[in-house]
Amino acid sequence: MTVGLVIVSHSARLAEGVAELAGQMAQGLVSIASAGGAPDGSLGTSFEKVLAALRQVTGPDGALILLDLGSAVMATEMAVEAFAADHDYPVVISAAPLVEGAVLAAVEASVGSSLQEVAEAAEHGSELPKLHKEDS
Amino acid sequence: MPITTEDTLRWLKQYAQVLHEQRDYLTQLDSAIGDADHGFNMDRGFKAVSEKLAGMAGMDIGSILKTVGTTLVSTVGGASGPLYGTAFLRAGVATSGKQELYAADVVNLLTVFVEGIKARGKAQTGEKTMLDALVPALEAAKMAEAKKLDLAQLLRLSSAAAEEGVKQTIPMLATKGRASYLGERSIGHQDPGATSSWLLLKTLADTGEGVFS
């Protein structure tokens, strides 16, 4: 069992795409679930989708949740509270940028790291350079 | 007369109607500074609530409000779902088992309602949110209760304070929610969340006109 990942986005397609990208890096070793879109599938977030995703991927090693925008935090926190009501497994909500954070977390989780290590790896996503500055 | 379980159901049914009528207005407010979904989200959430009202007959007020909270959380995909959902759930806990609400109960309900939104949104007044309508409404209700005004007057004053609070959001700079991404451009627009909060209290006051005392 490894740390599971939950990808929360206002867009179902964005969440699925990020889960796909992170899954490629994890090479099938990490449980990754997406929770994208409002309850009816339109843009938004869904407490029930996040809770279902948590239940799907979270084992004794816990889960890390990554988000696209700050307004996803509230539905996610409610889902974490509901999950904690009947599970003892640790869950952390990451402030990392979604794509970089998910990829780094997937790699870290795939080698069997702890939830804290996976969460710290994701946080480094904000420092990943996309463009290499030319030497001057 | 206090607020009864029947009054509570009438209030929620009427609020669903008001939101349906004001859906485009709320969405228009939200399109200026947000993601243009507030009217749609509130209408959908309270349409789901109103469909459950028949099944709520015979429940105590706390159970009714808790059902409203869980319904909003599960049907509303915007920020208003968790915010109003948390507020109604806490209001339901505070009124658990009650068949009637008197002035002190209403002040207590508003207090936990406001605390729920503050806790869930990690927000304070002055940030161009629903709290800018609800906190003045709570203060007005407390003052009315201290003066021993009757329930209809308390609700009328509380609603008027919320309406004034809505107007106060126009010059505010948004620092919470989607509107905060707009920075300075959020100034000059009325907050849609504050508006729906005022309408909630206005509808309660209207429900009680000539009934509550």
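This is a short tour of a two-chain model, moving from chain B as a whole to pairs of helices and then to the place where the chains touch. Keep in mind throughout that the model is predicted.

**Stop 1: chain B as a whole**

Begin by selecting chain B and colouring it by secondary structure, which should bring out nine helices and two strands. If you follow the chain from the N terminus, the elements come in the order β-α-α-α-α-α-β-α-α-α-α. Turn the chain slowly and you can see how its C-alpha atoms fill a box of roughly 45 × 40 × 30 Å, taken along the principal axes. A compact globule of 213 residues would have a radius of gyration near 17 Å, and because chain B has 16 Å, the value agrees with that expectation. Of the 213 residues in this chain, 57% count as buried. Among its contacts between residues at least 6 apart in sequence, 69% join residues at least 24 apart.

**Stop 2: two helices of chain B**

Next select residues 38-56 of chain B, which form helix α3, together with residues 61-75 of chain B, which form helix α4. These helices pack at an angle of about 145 degrees, with their axes 9 Å apart, and their crossing is right-handed. To look at the contact itself, show R44(B), G45(B), A48(B), V49(B), K52(B) and M56(B) on α3(B), which meet I64(B), T67(B), V68(B), T71(B), L72(B) and T75(B) on α4(B). By class, the residues of this contact divide into six nonpolar, four polar and two charged.

**Stop 3: two helices of chain A**

Now move to chain A and select helix α2, residues 47-57, and helix α3, residues 73-86. How are these two helices placed relative to each other? They pack at an angle of about 45 degrees, with their axes 8 Å apart, and α2(A) and α3(A) are therefore oblique to each other. The crossing in which α2(A) passes α3(A) is right-handed. Showing side chains here, you will find F47(A), V50(A), L51(A), L54(A) and R55(A) of α2(A) meeting residues of α3(A) that include A75(A), M78(A) and F83(A). This contact has nine nonpolar residues, one polar and one charged.

**Stop 4: where the chains touch**

Finally, display both chains and look at the contact between them, which takes twelve residues from chain A and 14 residues from chain B. On the side of chain A that touches chain B, the elements giving two or more residues are α2 and α3 of chain A, and the largest share, three residues, comes from α3(A). The residues on this side of chain A comprise six nonpolar, five polar and one charged.

Note on methods: Residues are numbered from 1 along each chain as its sequence is written. Chains are lettered from A and ligands numbered from 1 in the order in which they are written. This is a predicted model: local features need pLDDT of at least 70, side-chain atom pairs count only at pLDDT 80 or more; totals for chains, interfaces and linings use all residues. Axes are lines fitted to C-alpha atoms, for helices over the stretch in contact, and angles run from 0 to 180 degrees between N-to-C directions. Helices (H or I, at least four residues) and strands (E, at least two) are DSSP runs, numbered from the N terminus. Angles under 35 degrees count as roughly parallel, over 145 as roughly antiparallel, 65 to 115 as roughly perpendicular and the rest as oblique. A crossing is left-handed if the near helix is turned anticlockwise from the far one by less than a right angle, and right-handed if clockwise. Two residues are in contact if their C-beta atoms, placed from the backbone, lie within 7 Å. Ala, Val, Leu, Ile, Met, Phe, Trp, Tyr, Cys and Pro count as nonpolar, Asp, Glu, Lys and Arg as charged, and the others, Gly among them, as polar. The radius of gyration is taken over C-alpha atoms; the globule rule is 2.2 Å times the number of residues to the power 0.38. A residue is buried if 20 or more other C-beta atoms lie within 10 Å of its own, exposed if 12 or fewer, and partly exposed in between; C-beta atoms are placed from the backbone.
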